[in-house]
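User: Could you take a close look at one part of this model, the part that the rest of the fold is arranged around? I'd enjoy one connected walk through it rather than a list.

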Amino acid sequence: MFCNYTKDDFKASLSFSSPHSASEEEKDWMFELVKTNMRDMYLEAGWGWDDGEKRRELVDDDARYIVAKDESGKKVAFAHFRFLLEGVHEVLY
């Protein structure tokens with residue numbers, strides 16, 4: 001039930017993975033998508049951008065992904081998240 005998404009005429013299937021199960025091609029695709037969509041915003045905010053640092057965050061052992069593919073199997077979107085413990089607080093990034 002939670003592995004399919006439909007909105008108007010758009011349909012996608014969702015898959016879950018981690019850095020250990022995702023292919024290098026898939027991780028490269030995710031990194032390029034993040035860079036394309038977020039780099040300028042990071043720079044404008046004054047946070048700076050470092051390809052190596054962002055790639056390490058993406059493939060951290062605690063990272064998990066949800067990847068959306070359209071009906072033809074083309075990857076169209078993804079979510080990257082990590083459950084972490086900051087001090088005594090459980091957080092989700």
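Analyst: Of the contacts in the chain between residues at least 6 apart in sequence, 42% join residues at least 24 apart. Keep in mind that this is a predicted model. The part I would choose is the sheet, so let me start with what surrounds it.

The chain has five strands and two helices, and along the sequence these follow the pattern β-β-α-α-β-β-β. Taken along the principal axes, the C-alpha atoms fill a box of roughly 40 × 35 × 25 Å. Of the 93 residues, 20% are buried. The chain exposes about 6800 Å², and carbon and sulfur atoms supply 52% of that area. As for charge, there are 20 negative and 13 positive side chains, with the centres of the two sets 3 Å apart.

Now to the sheet. It is open, has five strands in the order E1-E2-E3-E4-E5, and its pairing is antiparallel. Strand E1 (4-7) and strand E5 (89-92) are its edge strands, and each of them pairs on one side only. On average, and with direction ignored, neighbouring strands of this sheet are turned by 20° against each other.

Let's begin at the E1 edge. Four bridges hold E1 and strand E2 (residues 10-17) in an antiparallel pair; at one point along it, threonine 6 has lysine 11 of E2 as its bridge partner. Both helices then come into the picture. Helix H1 (residues 24-44) packs on the sheet and touches E2, strand E3 (63-70) and strand E4 (75-86), with its direction making about 90° with that of E4. Helix H2 (residues 51-58) also packs on the sheet, where it touches E3 and E4, and its direction makes about 80° with that of E4.

Each helix has a residue that deserves a pause. Lysine 54 lies in helix H2, and you may wonder whether this lysine is buried or exposed. Lysine 54 has a relative accessible area of 11%, so this residue counts as buried, the cut-off being under 20%. Leaving aside neighbours within four places in sequence, lysine 54 is in contact with Phe31, Tyr42 and Trp49. Aspartate 28, in helix H1, is partly exposed, with a relative accessible area of 35%. From C-alpha to C-alpha, aspartate 28 is 9.8 Å from leucine 58, although 30 residues separate the two in sequence.

Back on the strands, the loop between E1 and E2 holds aspartate 8. This aspartate is not a glycine, yet it has a positive phi of about 55°. Most residues other than glycine have a negative phi, so a value of that sign is worth a second look when you inspect the backbone. At 70% relative accessibility, aspartate 8 counts as exposed.

Moving across the sheet, E2 and E3 run antiparallel and are joined by six bridges. Serine 17 is placed in strand E2 and has tyrosine 65 in E3 as its bridge partner. With a relative accessible area of 13%, serine 17 is buried. Not counting residues up to four places away in sequence, serine 17 touches Ala22, Glu26, Arg64 and Tyr65.

The next pair, E3 and E4, is again antiparallel, with seven bridges between the strands. Here alanine 63 stands opposite arginine 82 in E4. These two strands form a hairpin with four residues between them, and in that hairpin glycine 73 takes a positive phi near 95°.

That leaves the other edge, where valine 91 is found in strand E5. What does valine 91 touch, leaving aside its neighbours within four places in sequence? The residues in contact with valine 91 are Arg82, Phe83, Leu84 and Glu86. With a relative accessible area of 23%, valine 91 is partly exposed, whereas serine 17, back in E2, is buried.

If you trace the sheet once more on screen, follow the order E1-E2-E3-E4-E5, and then bring in H1 at E2, E3 and E4 and H2 at E3 and E4.

Note on methods. Residues numbered from 1 in each chain as written. Heavy atoms only, no water. Buried < 20%, exposed > 50% of the residue type's maximum accessible area, 1.4 Å probe, protein only. Contact = heavy atoms within 4.5 Å. Areas by Shrake-Rupley, 256 points an atom, 1.4 Å probe, with all protein chains shown as cover. Lys, Arg positive; Asp, Glu negative; His and termini not counted. Charge placed at Lys NZ, Arg CZ, Asp CG, Glu CD. Pairing = 2+ DSSP bridges. Axes fitted to C-alpha atoms, helices over the stretch in contact; angles between N-to-C directions.
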